[in-house]
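Here are my notes for your review. Please read them with the structure open beside you.

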Amino acid sequence: MLTPALLLSLTLAQSTPAPDAVLEYSSPLTEESAPDPEGFSFTAFTAGQTLYLGVDEANLRASAAADAGVVQTLMLGTPVKVLKVGERAKAGEYINTWYQVSVVDSKAAPVTGWVFGNTLTPFRFEADLDGDGELEVATVVMSNEFKARVRVLEPNVKPPRRVSSVDVAVASTDYGGGLGGPVTVKLVPAKEAGVMLLQLDSAPERCGDFVTSYVSYTGSNGKPGVLGKAKLALELGGLMDPPNESTFKVSFQPAEKRALVVRTSVEEEEEGKPRKVTEREVYQWKDGVFAQAKPVAKP
């Protein structure tokens with residue numbers, strides 16, 4: 001059985017995502033009310049790959065079926081190794097693949113079973129996200145609404161009330177005609193931003209839209225063993241559609257807990273000449289989010 005302390009020790013050296021790690025769940029729009037299951041695209045994992053459970057109390061099943069017997073219940077963030085790739089299927093509201101996995105636990109006999117692909121993720125972080133002196137566990141999976149779902153777990157809080165989550169929009173893989181897209185994730189340290197943040201970037205190759213979002217976890221007031229709240233702290237969107245473009249650059253003032261955003265837009269005028277406009281925005285940290293501190297000001 002994986003205890004919270006053992007889970008953290010097992011994954012401490014494993015939880016930095018690979019540089020090319022990406023998670024995607026997308027579908028083209030159709031004339032029907034629901035997307036076509038055959039058109040779904042999602043990240044495919046391979047045998048030998050080490051991943052993490054992105055949901056809490058996930059069921060490790062005896063076979064590749066949603067009604068198969070439960071071998072073990074797994075905590076959010078539990079590391080597993082893919083043994084075998086199963087068939088594409090539908091489970092609940094998701095289209096994905098079944099995977100046979102082995103639970104990574106060096107102090108116990110190997111436990112093997114099957115999990116559905118929507119519960120797995122390459123993104124797992126442990127850090128003191130809320131400043132209470134304890135390490136929290138954060139994961140990112142894709143929701144059935146084609147958003148990135150960030151979950152944060154307090155290992156020393158008993159289930160079922162030990163996880164806080166927030167959904168984050170991603171850029172569509174099909175400009176103006178699709179649902180969902182890819183996302184990459186990294187941890188922004190407190191020394192850089194003033195607070196610990198998760199940064200989610202979504203920039204599909206086949207579309208000019210891109211989105212950067214920052215997620216915070218606060219609310220415990222420094223008290224250990226208290227579940228805080230995951231929040232969308234800041235969300236920024238841009239577009240690259242030559243000759244028109246809209247970009248942004250984010251920098252932080254950690255001592256003041258401020259985010260500075262410089263937006264640059266280029267539009268083609270009637271004469272065919274590009275017109276460039278730069279605007280600066282200041283966001284101040286308060287109650288887990290960066291709120292705009294003053295109106296847009298031209299340089």
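The points below cover the core, the aromatic pairs, the empty space and the backbone of this predicted model.

1. **Main core.** The largest nonpolar core holds 47 residues. Y25, L120, A148, V150, L198 and L200 have the most contacts inside it. Strand 7, residues 94-103, gives this core its largest share, at six residues. A separate core of 16 residues lies apart from it. That other core includes V188, F210, L234 and Y283.

2. **Around L198.** Which residues does L198 touch, leaving out those up to four places away in sequence? The list is F125, A138, V150, V185, K186, L187, S213, Y214 and V215. V150 is also among the residues with the most contacts inside the largest core. Y214 comes up again in point 6.

3. **A buried glutamate.** E126 sits in strand 10, residues 124-127. Is its position buried or exposed? E126 has a relative accessible area of 12%. The cut-off for buried is under 20%, so E126 counts as buried. Its side chain makes a polar contact of 2.4 Å with the side chain of R124. Please look at that distance when you check the model.

4. **Y25 and F146.** The aromatic pairs number 10. In one of them, the ring centres of Y25 and F146 are 5.3 Å apart. Why is this pair called stacked? The planes meet at 20°, and stacked requires planes under 30 degrees apart, so the pair qualifies. The two residues are 121 residues apart in the chain. Y25 belongs to strand 1, residues 23-28. F146 belongs to the loop between strand 11 (136-142) and strand 12 (148-153). Both Y25 and F146 are buried.

5. **The cluster around that pair.** Y25 and F146 are members of one aromatic cluster, together with F40 and Y94. Y25 is also one of the residues with the most contacts inside the largest nonpolar core.

6. **Y214 and F252.** This aromatic pair is edge-to-face. The centres lie 5.5 Å apart, with 90° between the planes. Y214 is in strand 16, residues 209-218, and F252 is in strand 18, residues 244-253. The pair therefore ties together parts that are 38 residues apart in sequence. Y214 is buried, at 4% relative accessible area. F252 is buried too, at 15%.

7. **Largest pocket.** How much space lies in the largest pocket? The volume is about 260 Å³. Its lining consists of V55, A58, N59, R61, A66, A91, W98, V115, F116, N118 and T119. Strand 4 (58-61) and strand 8 (112-116) each supply at least two of these residues. Strand 4 gives the most, with three.

8. **Cavities.** Searching the whole structure gives two cavities of 30 Å³ or more. The largest has about 90 Å³ of space. It is lined by 13 residues, of which L23, N96, G117, N118 and M142 are closest to its centre. Strand 1, strand 7 and strand 11 each supply at least two residues of that lining. Which strand supplies the largest share? Strand 1 does, with three residues. N118 lines the largest pocket and also the largest cavity.

9. **Backbone at P160.** Most residues other than glycine have a negative phi, and most peptide bonds are trans. The peptide bond from P159 to P160 is cis, with omega near 10°. P160 lies in the loop between strand 12 and strand 13 (163-168).

10. **Positive phi.** F146 is not a glycine, yet its phi is positive, near 65°. F146 is in the loop between strand 11 and strand 12. At 10% relative accessibility, F146 counts as buried. D287 is also not a glycine and has a positive phi of about 55°. Is D287 buried or exposed? Its relative accessible area is 56%. Exposed means over 50%, so D287 is exposed. D287 lies in the loop between strand 20 (274-286) and strand 21 (289-297).

Note on methods:
Residues numbered from 1 in each chain as written. Predicted model: local features only at pLDDT ≥ 70, side-chain atom pairs only at ≥ 80, totals over all residues. Heavy atoms only, no water. Core = buried A, V, L, I, M, F, W, Y, C linked by side-chain atoms within 4.5 Å. Buried < 20%, exposed > 50% of the residue type's maximum accessible area, 1.4 Å probe, protein only. Helix = DSSP H or I, 4+ residues; strand = E, 2+ residues; numbered from the N terminus. Contact = heavy atoms within 4.5 Å. Polar contact = N/O pair within 3.5 Å; in protein donor to acceptor, adjacent residues only side chain to side chain. Phe/Tyr/Trp six-rings, centres within 6.5 Å; stacked < 30°, edge-to-face > 60°. 1 Å grid on protein atoms, 1.4 Å probe; cavity = no way out; pocket = protein on both sides within 12 Å on 5 of 7 lines; lining within 4 Å. Points joined across faces, edges and corners; volume = space filled by probe spheres on them.
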